[in-house]
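Student: I should like a close look at a single part of this model, with the reasoning set out step by step. Please begin with the strand pairing and continue from there to the surroundings.

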Amino acid sequence: MALALAAQYDFSRVVATDGSYEAGGVGAARATAWGLWDGEQLRGGAMPPSSGNYLAELHAIHAALSACAVGER
């Protein structure tokens, strides 16, 4: 599906997030990460423990928008 959307809309940047929550146990916490591919460079990393997916998504979007030139889509 991602390839079909990329072919139709000609994406130049892609962001992704992933997270998990392991219930129970001592020290169980959410683990989240984000990534950005701009067609040339891959950036990303882990978020602080228990950040949640929504913060990883916001961080990835912020990184993508920060990499844009003024007026660039």
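Tutor: In this predicted model, strands β2 (residues 30-37) and β3 (residues 42-46) run antiparallel and are joined by 5 bridges. One of the pairings can be named by residue: Ala33 has Ala46 of β3 as its bridge partner. The hairpin of β2 and β3 has 4 residues between the strands, and Gly39 adopts a positive phi near 95° there.

A charged contact comes next. Arg43 and Asp38 form a salt bridge through their side chains, with an N to O distance of 3.6 Å. This distance satisfies the criterion, because a salt bridge requires the side-chain nitrogen of Lys or Arg to lie within 4 Å of a carboxyl oxygen of Asp or Glu. The structure holds 1 salt bridge. As a general matter, side chains of opposite charge can pair when their charged atoms come close. As for accessibility, Arg43 has a relative value of 25% and therefore counts as partly exposed. Asp38, with a relative accessible area of 22%, is likewise partly exposed. Both assignments rest on the cut-offs, since buried means under 20% and exposed means over 50%.

Trp37 and Leu42 also belong to a nonpolar surface patch, together with Met1, Leu5, Tyr9, Phe11 and Val14. The accessible area of these residues together is about 800 Å². Among the members, Phe11 is placed in the loop between α1 (2-9) and β1 (14-21). Its relative accessibility is 44%, so Phe11 counts as partly exposed.

Helix α2 may be examined in the same manner. This helix (residues 53-66) has 14 residues, which at 1.5 Å a residue should span 20 Å; the C-alpha atoms at its ends are 20 Å apart, in agreement with that expectation. The buried residues of α2 are Ala56, Ala60, Ala63 and Ala64. They lie on the same side of α2, because they cover an arc of only 100° around the axis. The general background is that an α-helix has 3.6 residues a turn, so residues three or four places apart point the same way. On the other side of α2, the exposed residues are Tyr54, Leu58, His62 and Leu65.

Ile61 is also located in helix α2. With a relative accessible area of 43%, Ile61 is partly exposed. Ile61 is 45 residues from Ala16 in sequence, while their C-alpha atoms are 9.2 Å apart in space.

How values were computed. Residues are numbered from 1 along each chain as its sequence is written. This is a predicted model: local features need pLDDT of at least 70, side-chain atom pairs count only at pLDDT 80 or more; totals for chains, interfaces and linings use all residues. Side-chain values use heavy atoms; hydrogens and water are left out. Buried means under 20% relative accessible area, exposed over 50%, partly exposed in between (1.4 Å probe, protein chains only). Patches are made of residues with over 30% relative accessible area and no salt bridge: like charges are joined within 9 Å, nonpolar side chains (Val, Leu, Ile, Met, Phe, Trp, Tyr) within 5 Å. Accessible areas come from the Shrake-Rupley method with a 1.4 Å probe; for residues, only the protein chains shown count as cover. Helices (H or I, at least four residues) and strands (E, at least two) are DSSP runs, numbered from the N terminus. Two strands pair if DSSP finds at least two bridges between them. The expected span of a helix is 1.5 Å times one less than its number of residues. The arc is that of the directions from the helix axis to the C-beta atoms.
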